[in-house]
Amino acid sequence: EYLCTKKPPVPPYTPYGAPTTAAKSEPEWLREENVPLKLVKDFIEIHRMENSKSERYFLRVEHLHPGLTGLSVAVYWPEEGRWYNAKLMMLPKDRGVKLTYASGDQETLDKLSFEQALLNQELSVVPEALKDRLAKAKAIEKQIRDENEARIKAEKEAKEQRRLERER
């Protein structure tokens, strides 16, 4: 089997846009056994990684919310080329996350490392679980906000009531 290792160069153009009559070069073909092993391994790894990611839904920066604590995720370890199941725990004040693996091992990622893992598509989730978790978190946030607004309104009404009583 033969592999192409280099594309033929694009012919240069003159300032007026017409191609020059430079000699056309052919692509460079090598026998498979002559291709460096590192190049073959890199190709295989990239192909395997892309295929393993094709059916996954990846966690993104815009999904981040404190309500995701406890969410089950799959973490990709590029060195091993494998996915591992873990529970996600959001750390307070945007300090990053803690991952607790099924084996009991724990890993803490600072904010920068965590965002890099998200960009590299190394954290995948079940879309329905993510949607459910975010919906519950937003519902709880709304409930807390509504309760705070009701408390503030009640305090204002009580304060106004006391003021009216003093004026009588």
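This briefing walks through the nonpolar core, helix 2, the loop that follows it and the salt bridges of helix 3. Please keep in mind that the model is predicted. The largest nonpolar core has 18 residues, and a search of the whole structure turns up 4 salt bridges.

**The nonpolar core**

- Within the 18-residue core, the residues with the most contacts are Leu 59, Leu 68, Val 73, Leu 88, Leu 99 and Phe 114.
- Two or more residues each come from strand 4 (72–77), strand 5 (82–90), strand 6 (96–101), helix 2, strand 8 and helix 3 (127–167).
- Val 73 makes a good starting point for a look around: leaving aside residues up to four places away in sequence, its contacts are Tyr 84, Asn 85, Ala 86, Leu 88, Leu 99, Leu 123, Ser 124 and Val 125.

**Helix 2 and its two sides**

- Phe 114, Ala 117 and Leu 118 are the buried residues to look for in helix 2.
- Viewed down the helix axis, the buried residues of helix 2 fall within an arc of 100°, so they line one face.
- Leu 112 and Leu 119, on the other side of helix 2, are exposed.
- The cover over the buried residues of helix 2 includes strand 5, strand 6, strand 7 (106–110) and strand 8.

**The loop after helix 2**

- Gln 121, just after helix 2, has a positive phi of about 55°.
- Glu 122 sits in the loop that runs from helix 2 (111–119) to strand 8 (123–125).
- With a relative accessible area of 17%, Glu 122 counts as buried because the cut-off is under 20%.
- Beyond residues up to four places away in sequence, Glu 122 touches Ala 74, Val 75, Tyr 76, Pro 78, Trp 83 and Ala 117.

**Salt bridges along helix 3**

- Lys 142 and Asp 146 pair through their side chains at 3.0 Å, N to O; both belong to helix 3 and are 4 residues apart, about one turn.
- Lys 142 is partly exposed at 44% relative accessibility, and Asp 146 is partly exposed at 35%.
- Arg 151 and Glu 155 form another salt bridge, with their closest N and O atoms 3.2 Å apart; these two residues are 4 residues apart in helix 3, so about one helical turn separates them.
- Arg 151 is partly exposed at 42%, as is Glu 155 at 45%.
- Arg 163 bridges to Glu 167, where the closest N and O atoms are 2.4 Å apart.
- Arg 163 is partly exposed at 36%, whereas Glu 167 is exposed at 55%.
- A network of salt bridges links Glu 160, Arg 163 and Glu 167.

Definitions and conventions:
Residues are numbered from 1 along each chain as its sequence is written. This is a predicted model: local features need pLDDT of at least 70, side-chain atom pairs count only at pLDDT 80 or more; totals for chains, interfaces and linings use all residues. Side-chain values use heavy atoms; hydrogens and water are left out. Buried means under 20% relative accessible area, exposed over 50%, partly exposed in between (1.4 Å probe, protein chains only). Contact means heavy atoms within 4.5 Å. A nonpolar core is a set of buried Ala, Val, Leu, Ile, Met, Phe, Trp, Tyr and Cys residues joined through side-chain atoms within 4.5 Å. The arc is that of the directions from the helix axis to the C-beta atoms.
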